[in-house]
Amino acid sequence: MTDDRVLDPAIVERFRRDGFVVVDDVFTDAEMDAMTAAVAAAVEADMREDTRALAEKSRYEQSFQQCLYLWARYPDVAPWTAHPRLAATAAALLGAERVRIWHDQALFKEPGGRPTDPHQDHPYWPIAEPDQVTAWIPLDGSTSEAGAMSYWPGSHRLGLDLFVNIFGDTDPDDIGHHPALDGVDAVTLEVPRGSVAFHHGLTAHRASGNSTGRTRRVHTVIFTADGVHRKEGLGHPSVDIDGIAPGEPIAGDLTPVVWPAPPAPPVAPPTVVAQLEQARRARLAQRLGK
Ligand SMILES: O=C(O)CCC(=O)C(=O)O
C-alpha cells in the first residue's frame, strides 16, 4: 500500500454503514516489525515500575495495560502513530479534508486478561462533533482467544451516545443489551498482522479476554476531523494541557494535523511532554497506592 493510495470507495461505504471496517495490508512485515519494536519498548519503559501481578490490578487494568500519548513521549513511535497511510485512511473514512491526532494509546492485554467491557468511545471525550475514528493495530494480529474486537454493526447511526463506566470495580451496564440494539448481533473480527481495524467513535464495541499465554499487543490511534470543538463537562489531557476551552476549536500541540501529511512526524514541545509525564507518574502512584 503506498502512502497516496486512494481508499476503495466500497470500504468507505462499508464503514459508513457498519461503523467499522478492516483495511488489509496497510503495513508490510518489515514495517510491523519496526512499529512493534518501537511500541513494545515504550510500553516496557512506561510499565517498568509496575511489578504488580494481574490479580493485584484494578478491574479496568485487568482488561489492558493502557499507555497513552506514546507519540509525544517516544520519538520512535511518532512516525507510526502519524503514519500517512493511517491518517489518509482516517480522512477518507470520516470524509474529512484534514485530520488531527486526538491521542494514541497502546493497549496490551496480559495473559489471563479479562474482556474489555462493551462501550462507545465518543462519550469519554469532550468533543462536540462525533467525527472520530480509531485505528486499532494488532501488532501480532488478533484472535478470538487473545482479545479480538467485536462491533455492533450500525450502532454508530442509532443516536446512542452513552457513557458506560468501565473504570469502576463492578460490572458496568451492558450497552450490548440496550433496546436500541435489539436484534443486532456483535460481529467478531480476527485481524491479520499488517491489517488495521477502524471503528467510528460512536460504534459500540468490546474485546474478548486473553486466554493465551502471550500478551495481546495492540497500538491504537484516534483521529479526529479538523474543525471539531471542545464541549463542556469532561476533562481530557488532549485539550486541558493545551488550554483549549469549551466552545473553542480543538487545535493544539497535542492534537496536530497529520492529514494532509506534514513533511515530518509531529513533535510535542518539551513543556507538553513534561506535563504528560507528570500525569503518567500521578496515575502510576495512584495505582501503586503511593
Ligand atoms: O483493545 C481493546 O481491548 C479495546 C480497544 C478499545 O476499546 C478501543 O480501541 O476503543
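## Ligand shell

Twelve positions surround the ligand in this predicted model. They are Phe 64, Leu 107, Lys 109, Thr 116, Asp 121, Thr 134, Trp 136, Gly 147, His 205, Ala 207, Val 218 and Thr 220. Four strands each give two or more residues to this shell: E3 (99-109), E5 (132-138), E9 (205-207) and E10 (216-225).

The shell is mixed in character. It divides into 5 nonpolar, 5 polar and 2 charged residues.

## Overall fold

The chain has 7 helices and 11 strands. Its C-alpha trace spans about 50 × 45 × 45 Å along the principal axes. Why call the chain a compact globule? A compact globule of 290 residues would have a radius of gyration near 19 Å, and the chain has 18 Å, so the two agree.

Of the 290 residues, 41% count as buried. Contacts are counted here at a separation of 6 or more. Residues 24 or more positions apart account for 83% of them.

## Helix H5

Helix H5 covers residues 84-94 and is mostly covered. Of its 11 residues, 10 are buried. The buried set is Arg 85, Leu 86, Ala 87, Ala 88, Thr 89, Ala 90, Ala 91, Ala 92, Leu 93 and Leu 94. Arg 85 is thus listed among the buried residues, as is Thr 89.

In an α-helix, residues three or four places apart point the same way, because there are 3.6 residues a turn. Just after H5 comes Gly 95, with a positive phi of about 65°.

## Strand E8 and its partners

Which residues of E8 point one way, and which the other? Val 196, Phe 198 and His 200 point one way. Ala 197 and His 199 point the other way. All are buried. That matches the count for the strand, residues 196-200: 5 of its 5 residues are buried. In a regular strand the side chains alternate between the two faces of the sheet.

E8 has an antiparallel pairing with strand E1 (residues 20-23), over 4 bridges. Here Phe 20 stands opposite His 199 in E8. E5 also runs antiparallel to E8, and 4 bridges join them. In this pairing Thr 134 stands opposite His 199.

His 199 of E8 therefore faces a residue in each pairing, Phe 20 and Thr 134. Thr 134 is also one of the residues around the ligand.

Key. Residues numbered from 1 in each chain as written. Predicted model: local features only at pLDDT ≥ 70, side-chain atom pairs only at ≥ 80, totals over all residues. Near = placed C-beta within 6 Å. Nonpolar A, V, L, I, M, F, W, Y, C, P; charged D, E, K, R; others polar. Rg over C-alpha atoms; globule rule 2.2 N^0.38 Å. Buried ≥ 20, exposed ≤ 12 C-beta atoms within 10 Å, placed from the backbone. Contact = placed C-beta atoms within 7 Å. Pairing = 2+ DSSP bridges.
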